[in-house]
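User: Here is a structure to read together. I will ask short questions, and please reason each one through.

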Amino acid sequence: MAEVVVKKEEKVEGKSFWKTALNKFGPLIGLFLLCVVLTILTDRFLTVNNIMNVARQASINAILSLGMLLPILTAGIDLSVGSVLAISIMVMGVVSVLWGLDPVVGLLVCLAVGAFFGFLNGIMLTKLRLPHPFISTLGMMNIARGLALIITAAAPIAGFPYIIQFLGAEFVGPIPVSFILVIFVYILFHFFLTRTQTGRHIYAIGGNKEAARLSGINVDRVLIIVYTISGFMAALGGIVMVGRVDSAFPLAGMMFELDAIAAVIIGGASFFGGVGTVWGTLIGALIIAVLRNGLNLLNVAADLQMTVIGLVIIAAVYVDVLRQKKK
Amino acid sequence: MEALLELKNIKKSFGPNHVLKGINLDIRPGEVHVLLGENGAGKSTLIKIMTGAYTKDEGEMFFQGKKIELTSPSDAMDLGIATIYQELNVVHELTVYENIFLGREIKNKIFLNQKKMKEEAARHLERLGQKRELLERKVGDLGIGKQQLVEIAKALTVDAKLIIMDEPTASLSGSEVEQLYATVNELRRQGIAIVFISHRLEEIKRMGDRVTVLRDGYGIDTLPVKETSADRMIELMVGRSLDEKFPKKDFTKGVAGLEIKNLKRKGSDKTVNLTAYQGEILGISGLVGAGRTELARAIFGVDPIESGTIKVFDKEVKIKSPRDAISSGIAFITEDRKAEGLILDQTLDFNVGIASLKTYQEKGFINLNKIKDLTNHYIKELQVRPSDQRLHARNLSGGNQQKIVIAKWLATKAKVFIFDEPTRGIDVGAKVEVYRLMNSLVDEGAIIIMISSDLPEILGMCDRVLVMCENEITGEFDRHELSQEKIMKAATGGR
C-alpha cells in the first residue's frame with residue numbers, strides 16, 4: 001500500500017509544479033525536440049510548404065486517434081477503426097457515385113454507417129457481455145473489412161463530387177481544410193471529455209469501473225456511446241481520405257488502427273484506462289507524422305521507417321513507465 | 001537481550017515530504033512488537049524499509065548486531081525477514097503446498113520434487129497446528145484466515161526470524177482471529193519476533209509485548225504493553241487526549257425514512273424487513289458472511305431484488321441500479337474504499353463530484369468551478385488532510401480517503417446513508433471524526449444505517465441494532481438493552 005502523505009501543504013506547490021509540468025508536457029517536449037533535430041538535419045523541414053504537408057498527412061490519423069482515445073480511456077480498445085473506415089467510404093461511394101444521390105446524403109450515410117458499426121461494437125461488449133473489446137472489435141475488424149470487399153466485389157470507386165472531396169482536398173490559404181477540421185474536432189472533444197457529464201464518466205469508468213457503477217454511472221450506456229463515437233470518427237477520417245485520393249477502395253485504412261493506438265499511447269494515455277488527454281493524442285499523432293515526414297526527407301527507406309516508428313512507440317511508453325516508477 | 005533488528009535514526013522523504021524523521025526501533029527475538037500510529041504516521045513506510053521495498057535516506061540498521069543495507073525485498077528475505085501484507089500474496093488457482101514454495105520450488109534438476117515440497121510444507125503447517133490434509137487444497141477455496149496461514153508457513157520455509165504482519169486481523173472473522181492469535185503465540189514461543197501492526201487496542205493489549213508509537217514520522221515512545229493503558233496509547237498516538245472514543249449524541253426520534261418490506265434478494269431464500277427512523281443511528285451487526293453487505297447492495301440496486309418493497313420517506317421507490325438508488329436519495333459508503341469507492345488516480349474534486357455531475361450542468365456543460373468550490377467546502381468541513389483538491393485520491397491516507405467518499409455522497413444530497421464498515425482500517429482520530437459526521441447527519445434529519453463488525457463501535461454509536469445471521473434478521477435491540485452477549489447470541493443464530 002503506497003502511503004505517501006503530504007504533511008506540509010505549501011510544499012505541494014513549488015518544486016513539484018515543474019515536475020507535473022514535465023509530466024504533462026513530456027510528449028510536447030518530445031515533438032519539439034524532434035522538430036529541432038529535423039530542422040538541423042535537413043533544410044527542407046522547416047518550410048511552410050512542408051509543415052502544411054505534415055499537417056495534412058497527420059489529419060486522418062489524428063481523427064482516428066481521437067476516436068480511439070475514448071475506448072482506451074475506458075481501459076478498452078477498438079481494433080476495427082481501419083475496417084469501419086473502409087466500409088463507411090465504400091457505402092458512401094455506392095450512395096453518392098454509383099447511385100448518384102446528393103453528396104450531402106452520401107456524407108451523412110457515411111458517418112451513420114461508421115457510427116452504426118461502432119454502436120454494434122458497444123452492444124457486443126455490453127449486452128452480449130463479450131469479455132474484452134479486443135475480441136469484439138477484432139471480430140468487427142474482419143466483418144467490416146469483408147463487407148467492404150463484398151459491396152463492390154473489391155472494385156474501387158472514384159469520381160466523388162466536390163463537396164465530398166472538400167474536407168480532404170481543399171486549402172484555406174496554405175492551410176489544409178483537413179487540419180482545420182482536426183483542430184475543430186479536438187477542441188470539441190476537449191470540452192466533451194472535460195466539461196460534460198458523459199466525458200467525466202468515461203474517465204471514471206476507465207479509472208475504476210466498479211466505483212463508477214456504484215456512483216450511479218450507467219456504465220453500459222457510456223461504453224456504447226464510446227464505441228459509437230469511435231466508429232463515427234473512423235468514418236470522418238474516411239471522408240478526409242476520400243478527398244485526398246479521390247477514391248474509395250475496400251482495402252483503405254488497413255492497419256490504421258495501429259497508428260491510432262500508437263498516437264494515443266505516445267500521447268501519454270494509459271493503456272489501463274482513466275488517464276489521457278485529447279491534446280496528448282494530437283501530439284502523438286503529430287509525432288508520428290513528423291517522424292514519417294522527417295525520415296522521408298532524410299531518404300530513409302520505408303521498411304526502416306516502420307522499424308523506427310516501432311522503436312519510438314516502445315521508447316515513449318518506456319519513458320512513461322520510468323515516470324510512473326519515480327512516483 | 002540483544003536486539004534481533006535494530007534501527008537507528010531512520011529517515012525517509014518522498015520529494016518534499018518527510019515521512020520518517022528519525023526513527024529508532026529495536027526488535028527482540030521472541031517478542032510481539034506492536035507498531036501503533038495514525039494513518040500517515042509513517043508505519044507503512046517504516047515496514048517497507050524493514051523489508052527492503054524502500055531504501056532509507058539516512059540512519060543505520062543492524063541485524064543480529066551486524067550492520068546491514070537492504071536494497072531489495074530479496075535482501076531482507078535472505079536475512080530472514082518476512083512480511084504478511086494486508087493484501088495476501090497467494091495464487092488462488094494453486095494448491096497450498098505450491099503456494100508455499102512459489103518461486104522457490106524444489107527441483108530434481110528439471111522436474112519438480114513434489115514429494116519433498118509436500119513433506120516440507122506439511123512440517124511447517126504442523127508447526128502452526130495445521131493438518132496435513134490442507135496441503136492439496138486449492139488456496140482459492142480456503143477462507144482468508146487459512147490463506148494467511150499459508151503465507152505464514154511460507155515465511156517459515158525461508159527460516160524467517162522476524163515476521164512483519166500488517167494489520168493481519170483486519171479482514172478476519174472472529175474465529176479466524178482467535179486462530180491467528182494462537183499462531184502468533186506459537187511463533188513467539190519458537191523464538192520468532194513479530195512486528196504487529198494494528199489499530200485495535202484490545203488486540204494490542206492482548207497480544208503485544210512492547211509497543212512503539214509513531215506520530216508524524218517520529219518514534220514517540222516504546223513502552224511495555226502490560227504497563228500502558230489503552231488511553232495512554234491513544235494519547236501518544238494522536239498527540240492529544242481524545243475526549244471520547246464514541247461521541248454519541250441523543251436525538252429525538254422522527255419519522256420513518258427507510259422502510260423495507262419483505263425484501264428478497266436474488267440468491268437468498270430469506271426475506272428481510274426493516275425500518276430506519278430519523279434521529280437514530282441504526283446498526284446492523286452480525287458475523288462476516290451473515291448477508292449484511294449483500295442486503296445493502298440489494299437496497300442500493302447493485303444486486304438484483306426478486307420481491308419486496310422499498311419506501312424512502314413514505315414514497316415507494318423502484319430500484320434496479322445504483323442510479324435509481326441515488327435518485328431516490330440513497331447513498332452507500334462501501335466497505336472497500338479503494339475497489340468500490342474511489343477513482344484512485346483522479347483528483348479529489350473529480351471524486352467528490354462524480355456521483356452528482358447532473359447537478360452542476362449548465363447548458364450541457366459542467367460548471368467545474370462549482371465542483372471545486374464544493375470540494376474545498378467539504379475538505380474544510382470534514383478536515384481532509386492534505387487539503388489540496390488537486391491531489392490524487394491514491395495519495396491520501398485511509399481515513400482521509402474515507403472522508404472523500406463521504407463527501408461524494410454528501411454532494412448527492414442523499415437522505416439515506418448506508419455505511420458499510422465505515423471505520424475499517426482507519427485510525428482512532430479519523431474514526432471519531434466519522435462518528436461526529438454521522439451525528440451531524442442525524443441532526444440534519446438524515447437516515448443512518450451502519451453495518452459494522454466492530455462490536456465496541458456498534459455498542460458505542462447505535463441507538464438501535466439489528467443482528468443478522470444467515471441472511472435474515474435474528475435480533476433487534478434498543479440501546480438500553482444492548483449487550484455484547486445478546487448480539488453474539490443473535491449473530492450465531494440462537495434467539
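User: Which phi does A:A75, just after α2(A), take?
Analyst: This is a predicted model: local features need pLDDT of at least 70, side-chain atom pairs count only at pLDDT 80 or more, and totals for chains, interfaces and linings use all residues. Residues are numbered from 1 along each chain as its sequence is written, while chains are lettered from A and ligands numbered from 1 in the order in which they are written. Helices (H or I, at least four residues) and strands (E, at least two) are DSSP runs, numbered from the N terminus. Just after helix α2(A), A:A75 has a positive phi of about 65 degrees.

User: How far apart are the end C-alpha atoms of α2(A)?
Analyst: The expected span of a helix is 1.5 Å times one less than its number of residues. Helix α2 (residues 48-73) of chain A has 26 residues, so it should span 38 Å. The model agrees, with the end C-alpha atoms apart by 35 Å.

User: Where does α2(A) bend?
Analyst: A bend is the angle between axes fitted to the seven residues ending at a residue and the seven starting there. In α2(A) the bend is about 40 degrees, and its place is A:S59.

User: How many of the 26 residues of α2(A) are buried?
Analyst: A residue is buried if 20 or more other C-beta atoms, placed from the backbone, lie within 10 Å of its own; it is exposed with 12 or fewer, and partly exposed in between. By that count α2(A) is largely enclosed by the rest of the structure. The number of buried residues is 20.

User: Which helix gives the largest share of the largest nonpolar core?
Analyst: A nonpolar core is a set of buried Ala, Val, Leu, Ile, Met, Phe, Trp, Tyr and Cys residues joined through C-beta atoms within 7 Å. The largest one has 172 residues, and A:I89 and B:I448 are among those with the most contacts inside it. Its largest share, 15 residues, comes from residues 219-245 of chain A, helix α10.

User: How many residues does the second, separate core have?
Analyst: This core includes B:L5, B:L7, B:I47 and B:V96. Its total is 65 residues.

User: How many residues does each chain give to the contact between A and B?
Analyst: Two residues are in contact if their C-beta atoms, placed from the backbone, lie within 7 Å. Chain B gives 40 residues, and chain A gives 30.

User: Which elements of chain B give two or more residues to that side?
Analyst: The side of chain B that touches chain A draws on both strands and helices. The elements are β2 (17-27), α1 (43-50), α10 (322-327), α11 (337-341) and β20 (365-366).

User: Is B:S229 buried or exposed?
Analyst: B:S229 lies in the loop between β12 (218-224) and α8 (230-238) of chain B. It has 10 C-beta neighbours inside 10 Å, so B:S229 counts as exposed.

User: Which residues does B:L94 contact, leaving aside neighbours within four places in sequence?
Analyst: B:L94 sits in the loop between β6 and α3 of chain B. With 16 other C-beta atoms within 10 Å, B:L94 is partly exposed. Its contacts beyond those neighbours are B:N99, B:L102 and B:V139.

User: What is the radius of gyration of chain A?
Analyst: The radius is taken over C-alpha atoms, and the globule rule is 2.2 Å times the number of residues to the power 0.38. For 327 residues the rule gives 20 Å, and chain A comes close to that, so it is as compact as a globular protein of that length. The radius of gyration of chain A is 20 Å.
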